Structures are given as C-alpha cells and as structure tokens.
Amino acid sequence: KTWFTSLNGALALTALAWISQLWRAWLDMLFEFPGGVVHAEKDGGSTLVVTIMYTAIFAGWAYAMHLTARGSRGGLVAACVLNAFMWLAIPVGWIVAYCTGPCVANAGVLFNLGNWLNLIFGLLAGVALILQLGQKKTAN
C-alpha cells in the first residue's frame, strides 16, 4: 500500500486542499468583496452571508476530516463530497465561469497560484478519498 492510497495520505492531501481553499477564500474576501466583512452593510449584507457560508463549509470539512481520522465512514463521505464541491465551485468554476479571457492574466500571481494549488491539491485529494471509499474499511 502506498502513501497516496493510505488513509493518512488521503487525509494529508485533503488537509492541503482545505488549506489551499481557505487561502483562496481569504484572497476572495480580501480583494473581491467591497469593504470586507467589517463594512458588510455597504453591500446589503452579501459579504456577511458569504462569510458565514464559507465558515460553515470549512468548519464542516474540518470536522469531516476529524471524523475520518477516527475511522468514520460517514466522515469520509462528507470529506469527499465537500472536497469535490469546493474543488468544482472555486478553482474549476474560476477557470470555466468566473474568470475567463483576459481575467486570468489580470488576476495576478496570488490568485493564479491559489487557483492552481486548489486545482492540484483538490484533484489529488478527491482521487485519494475516492480510493478510500472503494476500500472495505477506513482504518489504516
């Protein structure tokens, strides 16, 4: 059994995907939302709503990783689903819908690096988690 196909490998890759997604979400909050969370009333509260959604998703994803590390199959399924959702919603969505054409060139190094890290770690974590789902039990 290789590191990639082990539960520890899947969890490590998922944690890297989580961290890269968290960094990318921070970049969005820092550069994309007007006034930031402190001045959310200026945009009708949409920044606050997005912040609460991000917080719930990232907290749930972290808890799913915790449950997976303790041997929970439900935690493994939740980690897989949340990883896939965030991978499709942010880095894949960014390339396909949010930032097409000259946007990528204008986005700068931080956004492009963050997006590529999201794409790579999210994909690797997704494959590793799916391999874990295909096994009979989640223990190492």
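Here is a short tour of this model, one selection at a time.

**Before you click.** This is a predicted model, where local features need pLDDT of at least 70, side-chain atom pairs count only at pLDDT 80 or more, and totals for chains, interfaces and linings use all residues. Residues are numbered from 1 along each chain as its sequence is written, and side-chain values use heavy atoms, with hydrogens and water left out.

**Stop 1: the whole chain.** Colour by secondary structure and you'll find 4 helices and 0 strands. Helices here are DSSP runs (H or I, at least four residues; strands are E, at least two), numbered from the N terminus. Of the 140 residues, 38% are buried, meaning under 20% relative accessible area with a 1.4 Å probe, protein chains only (exposed is over 50%, partly exposed in between).

**Stop 2: helix α4.** Select residues 103-133. How far does α4 span between its end C-alpha atoms? The answer is only 37 Å, while a straight helix of 31 residues would span 45 Å (1.5 Å times one less than the number of residues). Now zoom in on Val-109, the centre of a kink of about 100°; the bend is the angle between axes fitted to the seven residues ending there and the seven starting there. Next, show the buried residues of α4, among them Phe-111, Leu-119 and Leu-129. The buried residues of this helix pack against α1 (7-31) and α3 (73-98).

**Stop 3: the core.** Show side chains for Tyr-54, Phe-58, Trp-61, Met-86 and Leu-129: they have the most contacts inside the largest nonpolar core, which has 21 residues. Such a core is a set of buried Ala, Val, Leu, Ile, Met, Phe, Trp, Tyr and Cys residues joined through side-chain atoms within 4.5 Å. Helices α1, α2 (46-69), α3 and α4 each supply at least two of its residues, and α1 gives the largest share, 7 residues.

**Stop 4: the rings.** Select Trp-18 and Phe-58, an edge-to-face aromatic pair with 6.1 Å centre to centre and 85° between the planes. Rings of Phe, Tyr and Trp (its six-membered ring) pair if their centres lie within 6.5 Å; planes under 30 degrees apart are stacked, over 60 edge-to-face, and the rest tilted. Trp-18 sits in α1 and Phe-58 in α2, 40 residues apart. Phe-58 is buried, with a relative accessible area of 4%. Add Tyr-54, which is stacked with Phe-58 at 5.9 Å and 20°. Those two lie 4 residues apart in α2, about one turn of the helix. Finally, add Trp-61: Trp-18, Tyr-54, Phe-58 and Trp-61 form one aromatic cluster.

Terms used. Contact means heavy atoms within 4.5 Å.
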